[in-house]
Amino acid sequence: MTAFITKLSMRRLSRHTYTGPMLPLPAALLARLSAAAGGVVAPVEVGANQAGLVAWAQATGRQVTEEAPVSGAGAWLWLPRRRSDLERLPVDSPAPLLLSGPELLVSAGEWQAALPGQTPVQAVATFRAFGGWPGALPLASVFPGEPHAPLHPQAHALLVPWCPPPQLRAAAGRLACADLVTPAVAEALGVAQTDFEALLDGGWLWPEPAGGRFPAALRRWLAPLPAPEDVRRAAQALGAGGHHPAALDTLAAGACWPEYLERLAQTARSAEGEATLRARFQVLPDLWRAEPAALYVAGLLARAARDLDSAQELYTRALPRLPKPLAALAWNARGVVRALSGEVQGALEDFDQAAQQPGLSAGEANHNRATLLVQLGRHAEAERSLNAAVAAFREAGDPRREAQSLETLGTLHFGRGLLRDALAPLRTALTLLRADHPAQATLALLNLAECHALLGEVAAAQELLQEAALVQAADPDPRALGWLRRLRALLALQGGEPRQALALLDLAGAEDPSLQAEMALLQVRAWRELGQPDMARAALDRAQPLGLRADLESALLGDESLDRVIDAARQEEARLELASALLRRAQPDDLREALALIQAHGYLPLLASAAAAPLAALAHDGATRALFPLHLQALGPLRLTHAGRQLGLADFPTRKSAALLVALALSERPQPRELLAERFWPGAKNPLASLQTAVYHLRSAFSVPVVASERGLLSLLFPVRSDVEELRGALQARDLGRLTELLRPFTASQSVLPELVTELTEEREQAERVLHDALRLHAAAQPGDDVRRRDALRALITADPYDTASREALIRWHEDRGEQSQAQQERDGLRATLLTLGLKE
């Protein structure tokens, strides 16, 4: 150590050596130090055992310096004087190990080992008081087991090495009345910001996200008897900044008990847990524990300890003498206890009393009242209470709790099947949460996406799902990831992919019981749709906590009475479940009521199930028929979907009846009967009769009339949505993203209406032109050296083997990448194409 002392100034010696016993470096830190190949930067914080670091460096042959090292200096230990000195940190490889003060704090065991001869009780007492700060070890050694050692006259000699210089001593003494020192605290105490920043820069204040803290022993020594007015000002500034625990600790250390008790009553909640509340309550001197506010806090503690009777009794004793703002908290707290105890009317009365006080108290009371009313099935009253809660939280400037009440309101609408009504509060909640609460924002995104999914608005649901996935990628939350998978599974089910849904529904990673039940319910549906009732029943056991929705799945499996489920859905106002059950029971009145519910509330996905097929017969006007569009897949094998039924060419009585339907579907206007008859039955004795027979066959295939005849013109009764028309729309809008999505299936060999080549020559030619133009635009939009350009060119050549320009572009793509054999294969293909066309290269 002698050699080191000769190299350093006396100022550095006073800050980085002990006058008492030496503390070893923490074991966890030693492991990191041994792995540090280059430089190590000691912490700036005072009393952070810099002397121990120096001893370690000398023992390992490192250069010790108080000046900023230069690049390439090898292995060194730098002892910076100020935090701002770190701006001169050299850029080395490997990067230096930058240490912070908290990394030099020691554990209770290491503290005790450094105090030989003291009892464990003595060592624990000073460890708790000084927090394992190495700078306090001399105090602990001289004053065994004495947590108030910093107040002893001899403490000056032991703590002066860590004391700020004279020019900062007065400012430090004022600031030391606060547990946490922030710029607002410095301003409230009349301390210049330059002094506050100097204390941070020099390491006397150990940095925190909001400011800094003095080591506990140094703080006690700097401010042994803080002025009560300073303590109150500091606590007020901390509370205004949302630092309530630090405000409470500041008031307790300054013995400002009236203010401590008032702030504790205002900010304490039973949800903090028994241990936290007990610690806060036990700080109070016995004299103050009989005060009304203390009785209220004791009630919170009893509630946290699940002693509801004592909690209610303590709240009742406190209420008559509490001032109005605190009385509102007590009314609300007693209402919660009464609700948990089954005293419904008393709980509602307490919530009504609490709601009379404006601000946060009114918000919390109305929110709690609404929660109880929902359980009672009094939904209209619950909605009014939630709207009042939202208004109160908005007035109080609490966006997080405003969003919570909005989400509860959205959930209330969602549970009643009022999906469109749920969208507005859920959107507003999402807006409030997006910026500052990403975890809650993810769940809000998923709630909103599920509403859109159940309304059949898949694009909107997918967009919200993608945003949620991006939030999770930036800040993963295992619970939210499980809900993300669940929603993807729901969309897969609605898209007719039950096996894909099952692959997403992995219960192993879902610890949340409600998430497990929701995933299990989707598993039931997936297995049911796959025709595996035994597997569905096995999953149903885990979905039982979901009540009516689980009962509905049981009824759909034939294990539960649909009558009972329908009665329960009516009682609970569960409109979505009621519509699903009515569809399955399928009595005439049931079908009419189900269709009315679907029309009123937008349950369009229900119309994609096979159970919805009879509803199409009830569509007697254009608005109702619009709910049952005819989906035509013309690219690839013919597929027609209508009212939950899917038909291929084999499901039509004749090929010409299928061709007639496709021709009408792809036509932009009604077609003359005579022209259609002559086109499809040119050699028949009575072409019009053959046409009429085909129309009858279509009615038989779809179990409902699908062709309208008026003034000699034929058209389809139901609106048509075709893949050709979607492709044409994306092409006209030059929507490259939508084109990519629509063309994704066409990377393999694909053709237009391949099963009706002779019957639909004109329609095929028009659709092929659309497909080719779309593929060409898609290929041109791909990056030149990207494999997606290669795949797009291949798809284009597959769709049009005579497209020599695309073949040449593909040859150039392979040549640019040095893939000569692939380029030659394409040249051979080009040569064969040119020969077929009678051309030469």
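A residue is taken as buried when its relative accessible area is under 20%. In this predicted model, the residues of helix α20 (residues 344-354) that meet this criterion are Gly 346, Ala 347, Leu 348, Asp 350, Phe 351 and Ala 354. These buried residues of α20 pack against two other helices, namely α19 (324-340) and α21 (360-375).

Aromatic contacts were examined next, and the structure was found to hold 6 aromatic pairs. In one of them, the ring centres of Trp 257 and Tyr 260 are 5.5 Å apart and the ring planes stand at 80 degrees, so the pair is classed as edge-to-face. Both Trp 257 and Tyr 260 belong to helix α15 (residues 257-267), where they are 3 residues apart, or about one turn of the helix, and both are buried. A further pair is formed by Tyr 296 and Tyr 315, whose ring centres lie 5.9 Å apart with planes at 40 degrees, so this pair is tilted. Because Tyr 296 is located in helix α17 (residues 292-304) and Tyr 315 in helix α18 (residues 308-318), the pair ties together parts that are 19 residues apart in sequence. Tyr 296 and Tyr 315 are likewise both buried.

Among the pockets, the second largest has a volume of about 870 Å³. This pocket is lined by 30 residues, of which Ala 129, Asp 179, Ala 216, Arg 219 and Arg 220 are the closest to its centre. Two or more lining residues are contributed by each of α6 (120-130), β5 (206-207), α12 (216-222) and α14 (244-253). By residue class, the lining of the second largest pocket comprises 17 nonpolar, 4 polar and 9 charged residues.

Conventions:
Residues are numbered from 1 along each chain as its sequence is written. This is a predicted model: local features need pLDDT of at least 70, side-chain atom pairs count only at pLDDT 80 or more; totals for chains, interfaces and linings use all residues. Side-chain values use heavy atoms; hydrogens and water are left out. On a 1 Å grid over the protein atoms alone, a cavity is a set of points where a 1.4 Å probe fits but cannot get out, and a pocket is an open set with protein on both sides within 12 Å along at least five of seven lines; lining residues have an atom within 4 Å of a point. Grid points are joined across faces, edges and corners, and a volume is the space filled by probe spheres set on the points. Helices (H or I, at least four residues) and strands (E, at least two) are DSSP runs, numbered from the N terminus. Ala, Val, Leu, Ile, Met, Phe, Trp, Tyr, Cys and Pro count as nonpolar, Asp, Glu, Lys and Arg as charged, and the others, Gly among them, as polar. Buried means under 20% relative accessible area, exposed over 50%, partly exposed in between (1.4 Å probe, protein chains only). Contact means heavy atoms within 4.5 Å. Rings of Phe, Tyr and Trp (its six-membered ring) pair if their centres lie within 6.5 Å; planes under 30 degrees apart count as stacked, over 60 as edge-to-face and the rest as tilted.
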